[in-house]
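Dear colleague,

I am handing over a structure for you to look at. Please open it alongside the notes below.

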Amino acid sequence: MKQLSILSRLVPALLVLLLAAPASGDGRVPGPVVSPAVKGDQCVEDTDVMRRRHMDFLKHQRDETMHRGIRTEQHSLKACLTCHVTPEQAYHGDSQEGHFCKNCHEYAAVKIDCFECHATQPERDQAGRVQGELGEGATRLLSHLARPETNETGASE
Amino acid sequence: MSERKHPDSARREFLKKGAATAGLALAPGVMLYGVAQARTADEPVTSAVRWGMLIDTTRCANGCDACIRACEAEQGLGDETHGRAGQRTQYMRKVELRNKATGAIHSLPMMCQHCENPPCADVCPTGASFKRADGIVLVDRHICIGCRYCMMACPYKARSFVHETLTEQRPDNPRGKGCVESCNMCVHRVDAGGTPACVEACAAEGKHAIVFGDLNDPSSEIAQRVKTYASTQVRADLGLNPGVRYTGI
């Protein structure tokens with residue numbers, strides 16, 4: 001009977017210890033630093049899909065682009081970098097904070113070949129714009145076009 | 001009922017008139033009509049198009065290397081630091097030909113000739129060297145194993161091998177150690193409806209020695225020129241039918 005009472009006291013204590021361990025702080029192993037996207041708040045697929053399958057999307061897209069000349073942006077590596085990396089962040093640099101791809105790949109000990117050949121950051125053009133970014137004029141034009149048309153009747157002959 | 005036309009139909013007529021008068025006389029018997037319809041980003045390339053270049057060697061100046069400099073800037077070449085000079089990547093090079101009998105000197109750019117029957121693709125053990133449907137010969141560096149067999153097979157000495165680790169590549173031309181590479185006819189520009197960097201640079205120099213276009217489109221400037229004037233394939237005896245042709249040699 002004495003043994004049982006010790007057990008009955010031990011079990012809750014053990015349970016408390018077990019349950020408390022993961023909850024004590026943000027985990028014993030620090031997670032990867034996932035930098036927020038440079039622009040936009042909506043990725044091309046849901047976040048959990050991207051986390052599991054981005055490599056499949058990229059590999060499919062790479063063959064489509066290379067061999068068939070299809071250059072849609074949805075699953076292109078270049079478009080990934082345009083949204084997720086600033087022109088100043090380099091994959092090969094020493095910075096631990098910066099590169100979106102590098103942070104997770106290092107954390108997960110994934111050795112990928114993409115950046116042995118591919119540019120690790122988007123480029124700025126001479127006007128200082130990131131590739132794919134619209135200039136001031138284009139933005140104004142788009143907002144002008146988006147306005148409801150008012151004087152379309154002037155085209156009569 | 002008013003006779004007023006719908007604004008859209010007025011626009012359409014204007015465009016039609018514009019298209020009818022878009023022909024431009026380049027030389028006697030050579031007319032340039034409107035640009036071929038651009039492909040959208042999600043459409044695959046087809047063999048209806050065959051991209052090619054026509055190089056007029058009489059306009060290509062001795063000692064001018066504007067095309068090579070433009071190529072290096074566009075493709076992000078020339079940052080190899082460790083290799084010997086002879087190993088440096090060159091997508092284009094200038095070749096000087098001297099006629100021993102007359103002493104006449106020709107200067108011309110030499111690069112991947114984008115053959116219809118490319119020997120590099122024939123010998124490639126992995127399928128990395130291939131010809132795209134629109135005639136552009138490329139190296140798929142994802143599957144290139146760096147054996148350099150294609151470099152041996154190319155009669156134009158057009159290919160280079162990357163011997164060292166590279167950084168700071170251009171986004172449109174991924175390149176790295178252990179792969180063979182060559183002129184890709186600025187495929188990223190062509191896919192976006194543009195022309196190769198060398199063609200632009202040559203025109204900017206005022207030489208206009210390189211004409212780029214679709215050999216399959218009878219109304220294109222290049223097709224008109226090869227139809228009207230005699231042009232030469234380098235090593236025509238090999239039967240490779242290059243997409244790059246020369247006049248004046």
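The notes below take the nonpolar cores and then chain A.

This is a predicted model, in which local features need pLDDT of at least 70 and side-chain atom pairs count only at pLDDT 80 or more, whereas totals for chains, interfaces and linings use all residues. Residues are numbered from 1 along each chain as its sequence is written, while chains are lettered from A and ligands numbered from 1 in the order in which they are written.

The largest nonpolar core (buried Ala, Val, Leu, Ile, Met, Phe, Trp, Tyr and Cys residues joined through C-beta atoms within 7 Å) has 51 residues, and B:Cys67 and B:Cys198 are among those that touch the most other members. Its largest share, five residues, comes from H6(B). B:Cys67 touches B:Met92, B:Pro109, B:Cys198, B:Ala201 and B:Cys202, leaving aside residues up to four places away in sequence, where a contact means C-beta atoms, placed from the backbone, within 7 Å. Another core, of nine residues and lying apart from that one, includes A:Leu77 and A:Phe100.

Chain A has six helices and zero strands (DSSP runs, H or I of at least four residues for helices and E of at least two for strands, numbered from the N terminus). Of its 157 residues, 17% count as buried, which requires 20 or more other C-beta atoms within 10 Å of a residue's own, with 12 or fewer making it exposed and values in between partly exposed. A:Val38, in the loop between helix H1 (2–23) and helix H2 (47–68) of chain A, counts as partly exposed because it has 16 C-beta neighbours inside 10 Å.

Best regards

Definitions and conventions. Two residues are in contact if their C-beta atoms, placed from the backbone, lie within 7 Å.
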